[in-house]
Amino acid sequence: ASKSAKDSSLLAVAGPGFHDMTRLAESSFSIWQDIFSANESEIEKALNDFIKVLMRYRKRLGKQSMEKSFGIAAELRRELLDSKR
């Protein structure tokens, strides 16, 4: 498939939050290049931690433990929203 066909299929399943999640992609790379350079080790650690979390979720797919994880995420979201009020 062509790159545009892949992109359009990804956009079809992205959902309405995709716009907000990718907002920073519209900013200048030159700004982010400096941020990445100054924080490379911290960003790498954060990415590695995130990958570990994603791998745990991958293992839980279709299992009862996923329901517990979903509940924890919902509670964290409520706490985050409450802290902004």
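Here are some numbered notes on this predicted model, written to be read with the structure open.

1. Start with the helix pair. Helix 3 covers residues 29-38 and helix 4 covers residues 40-60. Two packed helices are described by the angle between their axes and the distance between the axes. Here the axes come within 5 Å and cross at roughly 85°. Angles of 65 to 115 degrees count as roughly perpendicular, so that is the word for helix 3 and helix 4.

2. Which residues make the contact between helix 3 and helix 4? On the helix 3 side, look for I35, F36, S37 and A38. On the helix 4 side, look for E40, E42 and I43. Sorted by class, the contact has four nonpolar residues, one polar residue and two charged ones.

3. Now stay in helix 3 for the rings. The structure holds one aromatic pair, and its members are W32 and F36. A pair of aromatic rings is described by the distance of the centres and the angle of the planes. The ring centres of W32 and F36 are 5.9 Å apart and the planes sit at 40°, so we call the pair tilted. Why are these two separated by about one helical turn? Because W32 and F36 are four residues apart in helix 3.

4. While you have that pair on screen, check how open each residue is. W32 has a relative accessible area of 26%, so it is partly exposed. F36 is partly exposed too, with a value of 40%. Remember that F36 also appears in the contact with helix 4.

5. Next, find S41, which lies in helix 4. Is S41 buried or exposed? Its relative accessible area is 52%, so S41 is exposed. The side chain of S41 makes a polar contact with the side chain of E42, at 3.3 Å, and E42 is one of the helix 4 residues that touch helix 3. If you want a distance to try yourself, S41 and A25 are 16 residues apart along the chain, and their C-alpha atoms are separated by 21 Å.

6. Over in helix 5 you will find S69. With a relative accessibility of 6%, S69 counts as buried, because the cut-off for buried is under 20%. What does S69 touch, leaving out residues up to four places away in sequence? The answer is Y57 and R60. With R60 there is a polar contact between the two side chains, at 2.5 Å.

7. R77 is also worth a click. R77 sits in helix 5, which spans residues 64-83. R77 is exposed, with a relative accessible area of 56%. Between R77 and S30 there are 32 Å in space, C-alpha to C-alpha, and the two are 47 residues apart in sequence.

8. Last, a loop. Where is G17? You will see G17 in the loop between helix 1 (3-14) and helix 2 (18-21). G17 counts as partly exposed, at 32% relative accessibility. The C-alpha atoms of G17 and S30 are separated by 26 Å, with the two residues 13 apart along the chain.

Definitions and conventions:
Residues are numbered from 1 along each chain as its sequence is written. This is a predicted model: local features need pLDDT of at least 70, side-chain atom pairs count only at pLDDT 80 or more; totals for chains, interfaces and linings use all residues. Side-chain values use heavy atoms; hydrogens and water are left out. Axes are lines fitted to C-alpha atoms, for helices over the stretch in contact, and angles run from 0 to 180 degrees between N-to-C directions. Angles under 35 degrees count as roughly parallel, over 145 as roughly antiparallel, 65 to 115 as roughly perpendicular and the rest as oblique. Contact means heavy atoms within 4.5 Å. Ala, Val, Leu, Ile, Met, Phe, Trp, Tyr, Cys and Pro count as nonpolar, Asp, Glu, Lys and Arg as charged, and the others, Gly among them, as polar. Buried means under 20% relative accessible area, exposed over 50%, partly exposed in between (1.4 Å probe, protein chains only). A polar contact is a pair of N or O atoms within 3.5 Å; within protein, one must be able to donate a hydrogen and the other to accept it, and residues adjacent in sequence count only if both atoms are side-chain atoms. Rings of Phe, Tyr and Trp (its six-membered ring) pair if their centres lie within 6.5 Å; planes under 30 degrees apart count as stacked, over 60 as edge-to-face and the rest as tilted.
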